[in-house]
Amino acid sequence: MPASSAGVTTPDPAAPTTPVLPPAPLGVVTPTIPPGVVTPAILLDLAIVDSNIARMQDLALTAGVALRPHVKTHKSLAIGRRQIEAGAAGITAGTMGEVEAFAAAGFDDIFFAYTVFATRARVERLRRVREVARLRVGLDSRPAAEALAAGFAGLDPLEVVIEVDCGAHRCGVPPEAAGELGAYARSLGLLPVGAFTYPGHGDLDRDAPARASGDEIAALTTAADALRAEGIEATVLSGGSTPTSALSARRPLTEIRPGEYVYNDLGKLRVGACGPADLACFVAATVVSDAVPGQVIVDVGTKALGREGSVERGYGTAPTVAGAVLTKLNEYHGYLAIPTGVRRPAVGDVLAIAPNHVCPVVNLFDDMLVHAAGRPVGRWPIDARGHLS
């Protein structure tokens, strides 16, 4: 370390910061890296994907609720078809572009689970989709109801689902207000069919899924009662994120909408929503520099992994390097801290990086390298990648 003019040692700005490692070994299964892979690249194990799909479908079937997976995680027509073929009742989408991409490919039962404010251009797109698919749209305000009603005036009533807040404090009216908004939507000529919620506070720690599930069940129970008081029978009570699905797949819910379960990620592993062998999606990265002791630089930064992470948990891990964690990301550089006593990967080595949150990662790539238990399957497009508006 250099000395200051006062004789006090100060940190060397070129030295890597001391990483704060995850609290326990994660034990993630090492994915297959195809020889000659050009990085960065998404690596997807189709055998794990199919196992994840089957497990969630069995959970829903046993519980007697419908499974309507959210396509925001994979944005892939091929993966969506596998979910439908396994028994999913339909799909959930979060953007107009996702709705259109999947409707154009023949998916005919779509819940647009977003509080849509329908401008004239968006109404026209919604109307075209409804010509080829059953469509339900999220709603949590009177202005949004008025815009949808104006856009669908003179047509068969558009099905809307009232969003209620169960503790994530993002969108959604209080559960007890669902009836009032549903009645207003009905008075405008819309068709309210129930309520939905998002337990986004269920991924904070290992105790969070149970707390969030209880909030979710209570919120949808209250919403159903409020709708019934206005003469609206809630045929749809929709909830369930990946962390809460196993707990919330029960009455009064009629369906669950998990998304991340299909691939899983470190966030789901840390809260106990999956096991180490259930992570299906990784990012292949090449070591491009080992100039600074105690770390290597890999060619994945925020433009490949997004920014989901923190000093406390890092921005991803390299399962084949014991205890290695990405402690910092620039746009094209990832700082992979290597614990003392662990062999540093060499420049040119290709590592598989497990991301904290897989959804934004998928949206950053045009395609993915698919294999199944070590066998190459092919390069599959991420069809709805970037379809945000």
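A polar contact here is a pair of N or O atoms within 3.5 Å; within protein, one must be able to donate a hydrogen and the other to accept it, and residues adjacent in sequence count only if both atoms are side-chain atoms. Keep that handy for the exercises.

The model is predicted: local features need pLDDT of at least 70, side-chain atom pairs count only at pLDDT 80 or more, and totals for chains, interfaces and linings use all residues. Numbering runs from 1 along each chain as its sequence is written, and side-chain values use heavy atoms, with hydrogens and water left out.

**Exercise 1. Work out how helix α5 starts and what covers it.**

Step 1: Look at the start of α5, where a side-chain oxygen of S141 comes to within 3.2 Å of the backbone nitrogen of A144. Helices (H or I, at least four residues) and strands (E, at least two) are DSSP runs, numbered from the N terminus.

Step 2: Pick out the buried residues of α5 (residues 142-151): they are A144, A145, A147, L148, A149 and G151. Buried means under 20% relative accessible area, exposed over 50%, partly exposed in between (1.4 Å probe, protein chains only).

Step 3: Find the cover. It includes α4 (120-130), β5 (134-139), β6 (159-163) and α6 (178-187).

**Exercise 2. Place L158 and list what it touches.**

Step 1: L158 sits in the loop between α5 and β6.

Step 2: Check accessibility: L158 counts as buried because its relative accessible area is 1%.

Step 3: Collect contacts (heavy atoms within 4.5 Å). Leaving out residues up to four places away in sequence, L158 touches R130, L135, V137, L148, F152, L190 and L191. L148 is also one of the buried residues of α5.

Step 4: Take one C-alpha distance: L158 and L126 are 32 residues apart along the chain, and their C-alpha atoms are separated by 9.8 Å.

**Exercise 3. Do the same for N363.**

Step 1: N363 belongs to the loop between α11 and β15 (367-372).

Step 2: With a relative accessible area of 18%, N363 is buried.

Step 3: A polar atom of the N363 side chain lies 2.7 Å from the backbone nitrogen of G386. Not counting residues up to four places away in sequence, N363 touches K75, A384, R385, G386 and L388.

**Exercise 4. Describe the largest pocket and the largest cavity.**

Step 1: Set the rules. On a 1 Å grid over the protein atoms alone, a cavity is a set of points where a 1.4 Å probe fits but cannot get out, while a pocket is an open set with protein on both sides within 12 Å along at least five of seven lines; lining residues have an atom within 4 Å of a point. Grid points are joined across faces, edges and corners, and a volume is the space filled by probe spheres set on the points.

Step 2: The largest pocket holds about 1000 Å³ of space. Its lining has 43 residues, with K72, R170, Y198, E260 and H357 nearest the centre.

Step 3: β4 (109-115), α9 (266-270) and α11 (358-362) each give at least two residues to that lining.

Step 4: Turn to the cavities. There is 1 cavity of 30 Å³ or more, and the largest cavity has a volume of about 40 Å³. Residues lining the largest cavity include E163, C166, H169, R170 and Y198.
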